[in-house]
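Work through the exercises below with the sequence and the model side by side. Try each task before reading its solution.

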Amino acid sequence: MRELSFDKTRTAIIASELFQRNAGNKMVQERNTMENAKRVMDAARANGIPVIHVTIGFREGYPEVSDRNKLFSMIKANGSLKAGSDNVEFHELVRPAPGEVVVSRPRVNPFFGSELESVLRAHDVETIFIMGMSTIFSVEAAVRYAADLDYQVFLVEDCCAASRQEEHDWAVENVISRMAEVTTSQEFADSL
């Protein structure tokens with residue numbers, strides 16, 4: 001195992017959409033995604049590294065959703081991802097601990113229209129470890145944006161999943177690995 005180089009006093013974990021509803025995803029089950037994410041969170045918490053949870057949830061009537069937005073107008077039409085619904089409940093293994101920040105995002109990119117960047121700045125963060133669902137949406141968008149903001153970015157690959165393994169692999173190999181260091185939950189824990 002390689003040792004990762006980062007300043008843990010200026011590091012944060014971003015855990016995106018680790019919802020109970022995603023636990024039934026075949027890829028999540030085969031890769032033990034939730035268990036791996038718990039390993040990262042436990043190690044971070046034991047070392048004083050902030051864990052920031054990203055959720056999504058729309059108000060009644062979906063006033064945040066434009067009909068011009070293809071993806072989110074489908075969500076609106078399906079009536080899914082309402083704030084406070086079972087669809088956006090965190091998985092029992094990776095629920096926020098007392099005092100941890102939960103950031104709600106109104107779009108694919110967790111930084112867009114949320115207080116995520118302000119929270120990272122308030123903690124004087126330079127390095128972020130990103131994990132969650134879905135590799136090809138929220139996770140990839142977070143990696144791209146964080147890289148543009150000049151953070152040192154790590155993707156905790158075994159804590160991510162997509163609808164299909166092929167989608168995940170393509171995103172990691174062809175996009176994410178060009179902007180972030182790709183690591184595992186065990187490498188992260190061993191580096192602390």
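The exercises go from the sheet to single residues and then to the aromatic rings.

The model is predicted: local features need pLDDT of at least 70, side-chain atom pairs count only at pLDDT 80 or more, and totals for chains, interfaces and linings use all residues. Residues are numbered from 1 along each chain as its sequence is written, and side-chain values use heavy atoms, with hydrogens and water left out.

**Exercise 1. The sheet**

Task: State the order of the strands in the open sheet and how they pair.

Solution.
- Step 1. Settle the terms: strands (E, at least two residues) and helices (H or I, at least four) are DSSP runs numbered from the N terminus. Two strands pair if DSSP finds at least two bridges between them.
- Step 2. Read the order: the six strands lie as S3-S2-S1-S4-S5-S6, and the pairing is parallel.
- Step 3. Find the edges: strand S3 (102-105) and strand S6 (181-183) each pair on one side only.
- Step 4. Give the twist: neighbouring strands of this sheet are turned by 25 degrees against each other on average, direction ignored. Axes are lines fitted to C-alpha atoms, for helices over the stretch in contact, and angles run from 0 to 180 degrees between N-to-C directions.
- Step 5. Add the helix: H5 (residues 135-148) packs on the sheet and touches strand S1 (11-16), S3, S4 and S5. The direction of H5 makes about 165 degrees with that of S4. Contact means heavy atoms within 4.5 Å.

**Exercise 2. Two strand pairs**

Task: Find how many bridges join S4 to S5, and how many join S2 to S3.

Solution.
- Step 1. Between strand S4 (residues 127-133) and strand S5 (residues 152-161), which run parallel, there are six bridges. Thr127 stands opposite Gln152 in S5.
- Step 2. S2 and S3 are also parallel, with four bridges. Here His53 faces Val102 in S3.
- Step 3. Follow the side chains along S3. In a regular strand they alternate between the two faces of the sheet. In S3, Val103 and Arg105 point to one face and are buried, while Val102 and Ser104 point to the other and are not. Buried means under 20% relative accessible area, exposed over 50%, and partly exposed in between (1.4 Å probe, protein chains only).

**Exercise 3. Unusual backbone geometry**

Task: Which residues other than glycine have a positive phi, and where is a cis peptide bond?

Solution.
- Step 1. Recall the background: most residues other than glycine have a negative phi, and most peptide bonds are trans.
- Step 2. Asn32 has a phi near 55 degrees and lies in the loop between helix H1 (26-31) and helix H2 (33-46). Asn32 counts as partly exposed because its relative accessibility is 39%.
- Step 3. Leu81 has a positive phi of about 60 degrees and is found in the loop between H3 and S3. With 9% relative accessibility, Leu81 is buried.
- Step 4. The cis bond joins Met133 and Ser134, with omega about -15 degrees. Ser134 belongs to the loop between S4 and H5.

**Exercise 4. The surroundings of Ser191**

Task: Is Ser191 buried or exposed, and which residues does Ser191 touch?

Solution.
- Step 1. Ser191 is in the segment after helix H7 (185-190). Ser191 is buried because its relative accessibility is 14%.
- Step 2. Leaving out residues up to four places away in sequence, Ser191 touches Arg2, Glu3, Leu4 and Phe6.
- Step 3. The side chain of Ser191 reaches the backbone nitrogen of Leu4 at 3.0 Å.
- Step 4. Ser191 and Ser5 are 186 residues apart in sequence, yet 7.8 Å apart in space, C-alpha to C-alpha.

**Exercise 5. Aromatic pairs**

Task: How are the rings of Phe6 and Phe154 arranged, and how are those of Phe58 and Phe72?

Solution.
- Step 1. Rings of Phe, Tyr and Trp (its six-membered ring) pair if their centres lie within 6.5 Å; planes under 30 degrees apart count as stacked, over 60 as edge-to-face and the rest as tilted. The structure holds nine such pairs.
- Step 2. Phe6 and Phe154 are edge-to-face, 6.0 Å centre to centre, with 65 degrees between the planes. Phe6 is in the segment before S1 and Phe154 in strand S5, 148 residues apart. Both are buried.
- Step 3. Phe58 and Phe72 are edge-to-face as well, at 5.6 Å and 75 degrees.

How values were computed
A polar contact is a pair of N or O atoms within 3.5 Å; within protein, one must be able to donate a hydrogen and the other to accept it, and residues adjacent in sequence count only if both atoms are side-chain atoms.
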